[in-house]
Amino acid sequence: MRNLFYTLILIVGFSTVSVAQEINWVTLEEAVELQKKKPKKIMMDMYTNWCGPCKMLDKNTFQNKDVADYVNKHFYAVKFNAEGNETVTFKGKTYTNPGYDPAKANKRNSGHELARYFSIRSYPTIVYLDENANLLAPIIGYQTPQQLELYLKVFKNNEHNNFKTQQDFQAFAQAFKPEFTN
């Protein structure tokens, strides 16, 4: 009887624990290959190990159920350490980090060649690529789920093609009604 009681306590306890939603992260090479089979845009999180806002983005935004569900459905998600030591082949060219210092793995390190290719100078930066892995835009800085929702939907729905001026984007952003929870 006591074992049954403890089993019930464990079941109730585990059923009330909130499990964070996970984004299905892939490498850039995997995302480009997946695009060939099923075209989707790419959302690439350019982060560093030492970046506080990057950690907040992971915890507060990328683990949000609405964000994760939307990204998993409409994008290939790539997480890339912009100061890491990964070797990446993209569009026929291999990118490395020749100045990488393993002793600085969790501190400011040399910028990766791929980050320089995308002109990344601040972290976090989310890089959006179209269905052919061409750059759409880099969006700099921490974003709440609702702030990120705006960009996810702008690029997913090709709204960016309608913006001729900064005022066009601002008008769209002001009229935008977010649906994601914070």
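Me: Hello! With which residue does the side chain of D45 form a salt bridge at 2.5 Å, N to O?

Reply: In this predicted model, the partner sits in strand β3 (residues 75-81) while D45 is in strand β2 (residues 41-47), so the pair ties together parts 34 residues apart in sequence. Helices (H or I, at least four residues) and strands (E, at least two) are DSSP runs numbered from the N terminus. A salt bridge here needs a side-chain nitrogen of Lys or Arg within 4 Å of a carboxyl oxygen of Asp or Glu. The residue that pairs with D45 is K79.

Me: Is D45 buried or exposed?

Reply: The classes are buried under 20% relative accessible area, exposed over 50% and partly exposed in between, with a 1.4 Å probe and protein chains only. K79, at 25%, is partly exposed. D45 has a relative accessibility of 1%, and therefore counts as buried.

Me: How far apart are N and O in the salt bridge between D58 and K79?

Reply: D58 belongs to helix α3 (residues 52-62) and K79 to strand β3, so this pair links parts 21 residues apart in sequence. D58 is partly exposed at 27% relative accessibility. Between the side chains of D58 and K79, the N to O distance is 2.7 Å.

Me: Which residue forms a salt bridge with D69?

Reply: The closest N and O atoms of this pair are 2.6 Å apart. Both residues lie in helix α4 (residues 65-74), four residues apart, which means about one helical turn separates them. D69 is partly exposed, at 32%, and its partner is K65.

Me: Which residues do salt bridges with shared partners join into one network?

Reply: The structure has seven salt bridges. Those that share partners make one network of D45, D58 and K79.

Me: How much space lies in the largest cavity?

Reply: A cavity is a set of points on a 1 Å grid over the protein atoms alone, where a 1.4 Å probe fits but cannot get out; lining residues have an atom within 4 Å of a point. Points are joined across faces, edges and corners, and the volume is the space filled by probe spheres set on them. The lining residues are T48, N49, W50, N81, E83, Y100, A105, K107 and N109. The structure holds one cavity of 30 Å³ or more, and the space in the largest is about 30 Å³.

Me: Over which residues does pLDDT stay under 50?

Reply: The average pLDDT (the predictor's confidence in each residue, from 0 to 100) is 91, and 89% of the residues score at least 70. Residues are numbered from 1 along each chain as its sequence is written, and side-chain values use heavy atoms, without hydrogens and water. In this predicted model, local features need pLDDT of at least 70 and side-chain atom pairs 80 or more, while totals for chains, interfaces and linings use all residues. The stretch under 50, with zero contacts (heavy atoms within 4.5 Å) beyond four places in sequence, covers residues 3-18.

Me: What is omega for the cis peptide bond that joins Y123 and P124?

Reply: P124 is in the loop between α5 (113-117) and β6 (125-129). The cis bond from Y123 to P124 has an omega of about -5°.

Me: What is phi of S119?

Reply: S119 sits in the loop between α5 and β6 and is partly exposed, at 45%. Most residues other than glycine have a negative phi. S119 is not a glycine, yet its phi is positive, at about 60°.

Terms used
On a 1 Å grid over the protein atoms alone, a cavity is a set of points where a 1.4 Å probe fits but cannot get out, and a pocket is an open set with protein on both sides within 12 Å along at least five of seven lines; lining residues have an atom within 4 Å of a point.
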